[in-house]
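Me: I have a protein chain with a ligand on my screen, and I would like to walk through it with you. Could you take my questions one at a time?

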Amino acid sequence: MKPTVKPKNPNFSSGPCSKHPGYSLDELRDAPLGRSHRSVGGKAKLAEAIDKTKQLLGLPPDYRVGIVPASDTGAFEMAMWSLLGPRGVDVFVWESFSKGWSVDITQQLKLDNVQVHTAEYGKLPDLGQANFDNDVVFVWNGTTSGVKVPNGDWIPDDRAGLTLCDATSAIFAMDVPYHKLDVITYSWQKVLGGEAAHGVLILSPRAVERLLSYDPPWPLPKVFRMKKGADLNEGIFKGSTINTPSMLANEDYLAALNWVESVGGLSGMIGRSDASLKVWEDFVATHPWIDFLAEEKENRSSTSVCLKVDLPGDKIKQMVKLLADEGVAYDCNSYRDAPPGLRFWCGGTVDTSDLEIATQWLEWAYNQVK
Ligand SMILES: Cc1ncc(COP(=O)(O)O)c(C=O)c1O
């Protein structure tokens, strides 16, 4: 039977992710447009974004937060280019984005003494293989396979190397133990449903120590440089961005943070995401034709939920098209490099009730094309 009720919001893309419920451009009316980002008001807005980020995430007070160019990619590249080199590197690869970081490390930075720990889509490499005398590079949540690290227990507190974590599809959705991480990055367009363009770079005191004690042998573009001479450019972590940011995107980020506050802050966001994952767990448990791509329950992502369907790839594409044509689910195809399947974003900006309705349409679409 064709369902009659449609989701209020059919946006299930894994990036840019859905705007928060009730979003309106009116929320951006206070943006200081046409003013310098270095004016008193402009800087105050950027500093507000940094302060609110620290407060809502509950970051350790000695961690620094900066707004940087080029989204999560910019933030993570900036960290790798600035920090890697003095120690060996262990990099964990289990889907497309983590693979991208390993390619940077081996083919662009061309570092020696690199251990690449790889697993196929759906699995996690053996985290126990990490050598913490080296720097360890990984994503918290593999957005394109729906496999996350289960926790930070595998990371020792007394590590010698740094941990660099691309947490873009985990932060504001999963419990991330900050003290286990020396670099944390994410983009506004992901869990918060903000605008693209800017990334957030979070540094532990140990990461700052590395920055101060080490100058990489390769040239660093201006947008990657976090030092002024021998000193840290502290301005970056107070709202004096390296180059011109979008004040409109910043206002949009502030609107997202205000909304996060209204749903109970970080724990509210984690709860929303977990409730949405539960919808899929129930659906998968009662429908034999669909399953999680993630093989282990404890590694299952609560944001980028990736699903296998017992149909050939072209039939799955037909399902995705049907759902979009009906206006009930957009962008729920699997990532282009991932195995054929479905991917539904379940971060906090998506209403669980919309996912419940989407599953009814999914069942209908499956029966149409099978
Ligand atoms: C794990 C991961 N890293 C990096 C990126 C790239 O993010 P951005 O386009 O915000 O730079 C994404 C985007 O989906 C991602 O999921």
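Reply: Happy to; the questions and answers below go from the whole chain to its sheets, its ligand and some backbone details, and please keep in mind that this is a predicted model.

Me: How many helices and strands are there in the protein chain, and what is its radius of gyration?

Reply: The protein chain holds 8 helices and 14 strands. For 370 residues the globule rule gives 21 Å, and the chain comes close to that, so it is as compact as a globular protein of that length. Along the principal axes, its C-alpha atoms fill a box of roughly 70 × 50 × 30 Å. The radius of gyration itself is 21 Å.

Me: What distance separates the centres of domain 1 and domain 2?

Reply: Domain 1 covers 35-261 and domain 2 covers 265-369. Taken over C-alpha atoms, their centres are separated by 28 Å.

Me: Which elements give two or more residues to the side of domain 1 that touches domain 2?

Reply: The contact takes 28 residues from domain 1 and 26 residues from domain 2. On the domain 1 side, these residues divide into 13 nonpolar, 10 polar and 5 charged. The elements that give two or more residues there are helix 1 (40-57), strand 6 (147-148) and helix 5 (247-262).

Me: Which are the edge strands of the sheet with 7 strands?

Reply: This open sheet runs in the order 1-9-8-7-4-2-3, with mixed pairing. Its neighbouring strands are turned by 15° against each other on average, direction ignored. An edge strand pairs on one side only, and that description fits strand 1 (64-69) and strand 3 (114-118).

Me: Which residue in strand 8 stands opposite cysteine 165?

Reply: Strand 7 (residues 163-166) pairs with strand 8 (residues 183-187) in the parallel sense, over 3 bridges. Opposite cysteine 165, in strand 8, stands isoleucine 184.

Me: Why is one side of strand 12 and of strand 14 left without a neighbour in the sheet?

Reply: These strands belong to an open sheet of 3 strands in the order 12-13-14, with antiparallel pairing. The twist in this sheet averages 35° from one strand to the next. One side of each is free of neighbours because strand 12 (290-292) and strand 14 (342-345) stand at the edges, each with a single partner strand.

Me: What is the bridge partner of valine 305 in strand 14?

Reply: Strand 13 (residues 304-309) and strand 14 are joined in the antiparallel sense over 4 bridges. In strand 14, valine 305 has as its bridge partner phenylalanine 344.

Me: Which helix gives the most residues to the shell around the ligand?

Reply: The residues surrounding the ligand include Gly15, Ser71, Asp72, Thr73, Phe97, Asp166 and Ser187. By type, the shell divides into 2 nonpolar, 8 polar and 2 charged residues. The element that gives the most, with 3 residues, is helix 2 (residues 71-83).

Me: Where is the place of proline 16, and which segment holds it?

Reply: The peptide bond that leads from glycine 15 to proline 16 is cis, with omega near -10°. Gly15 is also one of the residues surrounding the ligand. As for proline 16, its place is in the segment before helix 1.

Me: What is phi of lysine 110 near?

Reply: Lysine 110 sits in the loop between helix 3 (96-108) and strand 3. Its phi is a positive value in a residue other than glycine, near 50°.

Note on methods. Residues are numbered from 1 along each chain as its sequence is written. This is a predicted model: local features need pLDDT of at least 70, side-chain atom pairs count only at pLDDT 80 or more; totals for chains, interfaces and linings use all residues. A residue is near a molecule or strand if its C-beta atom, placed from the backbone, lies within 6 Å of it. Ala, Val, Leu, Ile, Met, Phe, Trp, Tyr, Cys and Pro count as nonpolar, Asp, Glu, Lys and Arg as charged, and the others, Gly among them, as polar. Domain bounds come from an automatic or database domain assignment. Two residues are in contact if their C-beta atoms, placed from the backbone, lie within 7 Å. Two strands pair if DSSP finds at least two bridges between them. Axes are lines fitted to C-alpha atoms, for helices over the stretch in contact, and angles run from 0 to 180 degrees between N-to-C directions. The radius of gyration is taken over C-alpha atoms; the globule rule is 2.2 Å times the number of residues to the power 0.38.
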